[in-house]
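Biologist: Please take one exposed residue as a starting point and give me a close look at its surroundings. After that, go on to the rest of the chain as far as you can.

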Amino acid sequence: MPDLAWSGDAFRDDRAIVLDSEGRQLRQVAKEGAEGTRLPGEALLPGFVNAHSHAFQIGLRGHGETFPSGQGSFWTWREAMYELVTGMTPDRLYASSKQAFDEMLAAGITSVGEFHYLHHLSDGLDFEGDSVVLDAAHDAGIGIVLLVVYYATGGIGQPLGPAQRRFATPDVESFWRHIDRLGGKLRSSRQSLGIAPHSIRAVPRDALRELWTEARRRSLPVHMHVEEQRREIEDCKSAFGMTPMEILLGDLAEAGGGLDGLTAVHCTHTPADQLARYFAAGGRACICPLTEGNLGDGLPSLAEALAEDPTRVGQVCLG
């Protein structure tokens, strides 16, 4: 029984909280006459959700942004990330992921959407990294939606590079077989799965449509990096005559049922009018403010889109 409990719109001093065995709130009851553990000087509120995480990248601290003035970019940062990936072992991945999840919990984050693409920890297709991350989340005590990434190309129409082979998912059918196997490895009711076509540069359009259709059939959440880099947008326009967001609004929305269940991550360079169309189709956006600042700051476009229709603010989450 804390001194203060969050009731949904305010802190109240007359409430006790009833929890289940995993620490989730079942209900609030009147504090008067209630029995239980007293927490003097404490105020309790629901845990936060980190909707977009790459836990292993904690290993890049102090390494990914130490370039000479004017020379650093997303693409140089990516090379530092690839170097980290090629030296990753199961023990290192577990330690990095566990540290990231421990730090999230210390900051009040109790659930995470882990956008996970470091599947293979050897030269083969072992998918060992997926189980390692689930184990780290379980041991840390954080709830996790493991967003299993589909990653097939090194750029639009390009083969995977050497480091990217650690991310490889050979084809859609084998990907879904892996999802089915992974479902049997979930450690508790606080672990679940979603899928994540990595980006338009890593997923062919036909595979993207197949993944979206099957995910909707299975009622799985779908997350995807969208328009985080101007070069990605220009490459997409050159290849298809449209931007990544326009492909989502076309290929996926036209598959039927709108875009409910899809979360577009970043949208750093997406124009406000297209964001408004995306929200109207039922899509959600995950914004990572620090990352957006490094990538070019797309927050003004988001603010403009939400100013057009403030009711869409519930379709935005933070990572």
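Modeller: Asp 13 has a relative accessibility of 55%, so it counts as exposed. The cut-offs are under 20% relative accessible area for buried, over 50% for exposed, and partly exposed in between, with a 1.4 Å probe and protein chains only. The model is predicted, so local features need pLDDT of at least 70 and side-chain atom pairs count only at pLDDT 80 or more, while totals for chains, interfaces and linings use all residues. Residues are numbered from 1 along each chain as its sequence is written, and side-chain values use heavy atoms, with hydrogens and water left out.

Asp 13 sits in the loop between β2 and β3 (15-19). Helices (H or I, at least four residues) and strands (E, at least two) are DSSP runs, numbered from the N terminus. The C-alpha atom of Asp 13 is 7.9 Å from that of Pro 2, although 11 residues separate the two along the chain.

The sheet comes next. β1 covers residues 2-6 and pairs with β2 in the antiparallel sense, over two bridges; pairing requires that DSSP finds at least two bridges between the strands. One contact in this pairing is Ala 5, whose bridge partner in β2 is Arg 12. The two strands form a hairpin with four residues between them, and Gly 8 in the turn has a positive phi of about 120 degrees. β1 is also joined to β5 by three bridges, here in parallel, and Ala 5 stands opposite Leu 44 of β5. The result is an open sheet of three strands in the order β2-β1-β5, with mixed pairing. β2 (11-12) and β5 (39-44) are at the edges with a single partner strand each, so one side of each has no neighbour in the sheet.

A nonpolar surface patch is made up of Leu 4, Phe 11, Leu 45 and Phe 48, with about 370 Å² of accessible area together. Patches are made of residues with over 30% relative accessible area and no salt bridge, like charges being joined within 9 Å and nonpolar side chains (Val, Leu, Ile, Met, Phe, Trp, Tyr) within 5 Å. A salt bridge is a side-chain nitrogen of Lys or Arg within 4 Å of a carboxyl oxygen of Asp or Glu. Areas come from the Shrake-Rupley method with a 1.4 Å probe, and for residues only the protein chains shown count as cover. Leu 45 of this patch is in the loop between β5 and β6 (48-53) and, at a relative accessible area of 46%, is partly exposed.

Further along, there are aromatic contacts. The whole structure has eight aromatic pairs. In one of them the ring centres of Phe 56 and Tyr 117 are 5.7 Å apart and the planes are at 90 degrees, so the pair is edge-to-face. Rings of Phe, Tyr and Trp (its six-membered ring) pair if their centres lie within 6.5 Å, and planes under 30 degrees apart count as stacked, over 60 as edge-to-face and the rest as tilted. Phe 56 is in the loop between β6 and α1 (74-86), and Tyr 117, 61 residues away, is in the loop between β7 (109-116) and α3 (128-140). Phe 56 and Tyr 117 are both buried. Tyr 151 and Phe 167 are also edge-to-face, because their centres are 5.1 Å apart and their planes are at 65 degrees. Both of these residues are in the loop between β8 (143-150) and α4 (172-183), 16 residues apart. Tyr 151 is buried at 4% relative accessibility, and Phe 167 is buried at 0%. Ring pairs link Phe 56, Tyr 82, Tyr 117, Tyr 151 and Phe 167 into a cluster.

Two residues are noted for their backbone. Most residues other than glycine have a negative phi. Glu 227, in the loop between β10 (222-226) and α6 (230-240), has a positive phi near 55 degrees and is buried at 1% relative accessibility. Cys 267, in the loop between β11 (262-266) and α8 (272-280), has a positive phi near 50 degrees and is buried at 2%.

The cysteines come last. A disulfide is counted when two cysteine sulfur atoms are within 2.5 Å, and the count is zero. For Cys 267 the nearest cysteine sulfur, that of Cys 286, is 9.2 Å away. The sulfur of Cys 288 has its closest cysteine sulfur in Cys 286 at 4.3 Å, which is too far for a bond. Cys 288 is buried, at 4% relative accessibility.
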